[in-house]
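The exercises below ask you to read confidence, helix packing and ligand surroundings from a model, each followed by a worked solution.

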Amino acid sequence: MNLLSLLLFVGIATAYGPTGHHLTASLASHFLTPTTQAYLLALARHAHTPGYPPDTVQSFLVRVAPWADYIKRTRGWAWSGRLHYVNVGTGVEGGDWPPQRCEFAYELPKNPGDGEDLIGGIYNMTTHLSEGAELWRLDNATGAGLDDVPLRFLVHFLGDLHNPLHLTGRARGGNDVWVKFEGHRMRLHGVWDGGVLNKRIRELEWARAEEEDVGGVVEVDEGRGYVWERYERYLLHLIGTKFKDEIDEWLECPSPELERGATGSPIGPQRVLGMGDAGDKGVTACPEYWAKAISKLNCDVVWNHPSLNTTLSPFSSEADPPKVGLDDDDLSDGEYWDRIDTEMIPERLIIMGGVRLAAVLNAAVQGGVGERAVGGL
Ligand SMILES: *[C@@H]1O[C@H](CO)[C@@H](O)[C@H](O)[C@H]1NC(C)=O
Ligand SMILES: *[C@@H]1O[C@H](CO)[C@@H](O)[C@H](O)[C@H]1NC(C)=O
Ligand SMILES: *[C@@H]1O[C@H](CO)[C@@H](O)[C@H](O)[C@H]1NC(C)=O
């Protein structure tokens, strides 16, 4: 590989790609309550950038979804870089080491929003968003509470939470591991950021699903020329059909007691409005519980390949990437891909992220008022 293509890979491999974020945000936009829609539209109008008319909630959410990746290395925003992932005690000898051990031992700080990682970021931004929405609900004429930065981060972070490689520290979330995918040498992280999803979008038979009803629950904006638009219709179709009965489960957030009973060890209080020990300020997000389940995919799927089942602890510099995972198997083929395909892993993850994002936004914005979401979730 020459230096130029190496640099290109470094560039694309460091974040959950824009397509995953676009899809998560766009799916969420179909399941918002009227109050949430009104607040997001107020944010969109307030943040209005020339050339981007804030016309619909869907286009606003899609547009802001990748933003956190674009700014994380720019002046003034460096603090946000570490909020894109969570690193839970990685170690060859003990602790998290996929595919041998997926141990999501997260220690929730006393104030969950102080955690300088993805989970802390989700708590922090959910809190800020609900504070802004509360000000706006009290008086929507003054412009109070119309800072859209917490929303931008939150939309992005719920996307990152649904990429398993953002939930393990091994080889910097797979950034230091090189594999072959569709004939190209890529970082494992890059495969799961864009490679898998792009292959899906190209190959799935969504053209057939497009003619079917998208479930009868949602309105879809007119096309805007995104490469994923028809795939999104397919996902909406799956929400109304194949995954219909699983979605309630995906929105669950057990109280700490339940969680303790089930696993024997607490993973920290789940802060949900009206549930568990939400304390004086309930924050409706369930990131540890959700992350714990998703992190298991690192063992079951993402690192589940003989060439990745090593105890090597690769340390890389861009000039000398480690020789791990470089056997002749192409991950877009064979058993590895079959599993992704038959279990519809990419579709599950995107849909989980989308419906959870909608639920978090609704709960944060409406402040506990029971309103029914438009899409019926
Ligand atoms: C929480 O958000 C504020 C900005 O709204 C930021 O200054 C602070 O660093 C954030 N902290 C964490 C841990 O995310
Ligand atoms: C602002 O609040 C008023 C009164 O509560 C309401 O009638 C109006 O629809 C609200 N405007 C928006 C944009 O939500
Ligand atoms: C990884 O390798 C170990 C021993 O080398 C083996 O016991 C284990 O089953 C392997 N795990 C996977 C997921 O292949």
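**Exercise 1.** In this predicted model, find where the pLDDT stays under 50 and state how many contacts beyond four places in sequence the model has there.

*Solution.* Begin at the start of the chain, where residues 1-15 keep a pLDDT under 50 and have 18 contacts beyond four places in sequence. Next take residues 315-321, where the pLDDT is also below 50 and the model has seven contacts beyond near neighbours in sequence. Then set these stretches against the protein, which averages a pLDDT of 79, with 73% of the residues scoring at least 70. Finally compare the elements: helix α1 (residues 3-12) has the lowest mean pLDDT, 36, whereas helix α7 (residues 149-161) has the highest, 97.

**Exercise 2.** Describe how helix α6 (residues 118-138) and α7 pack.

*Solution.* First take the geometry: the axes are 9 Å apart at an angle of about 145°, and the crossing is left-handed. Then list the contact residues, which include Leu 118, Ile 122, Met 125 and Leu 129 of α6, and Phe 153, Leu 154, Phe 157 and Asp 160 of α7. Lastly sort the contact by character, which gives ten nonpolar residues, four polar and one charged.

**Exercise 3.** Which residues surround ligand 1, and which are around ligand 3?

*Solution.* Start with ligand 1, surrounded by Trp 79, Leu 83, Gly 113, Asp 114, Glu 116, Gly 120, Gly 121, Asn 124 and His 128; this shell divides into two nonpolar, five polar and two charged residues. Note that Gly 121 and His 128 of α6 also belong to the contact with α7. Turn then to ligand 3, which has Pro 99, Gln 100, Asn 304 and Asn 309 around it, a shell of one nonpolar, three polar and no charged residues.

How values were computed:
Residues numbered from 1 in each chain as written. Chains lettered and ligands numbered in written order. Predicted model: local features only at pLDDT ≥ 70, side-chain atom pairs only at ≥ 80, totals over all residues. Near = placed C-beta within 6 Å. Nonpolar A, V, L, I, M, F, W, Y, C, P; charged D, E, K, R; others polar. pLDDT = per-residue confidence, 0-100. Helix = DSSP H or I, 4+ residues; strand = E, 2+ residues; numbered from the N terminus. Contact = placed C-beta atoms within 7 Å. Axes fitted to C-alpha atoms, helices over the stretch in contact; angles between N-to-C directions. Left-handed = near helix turned anticlockwise from the far one by under 90°.
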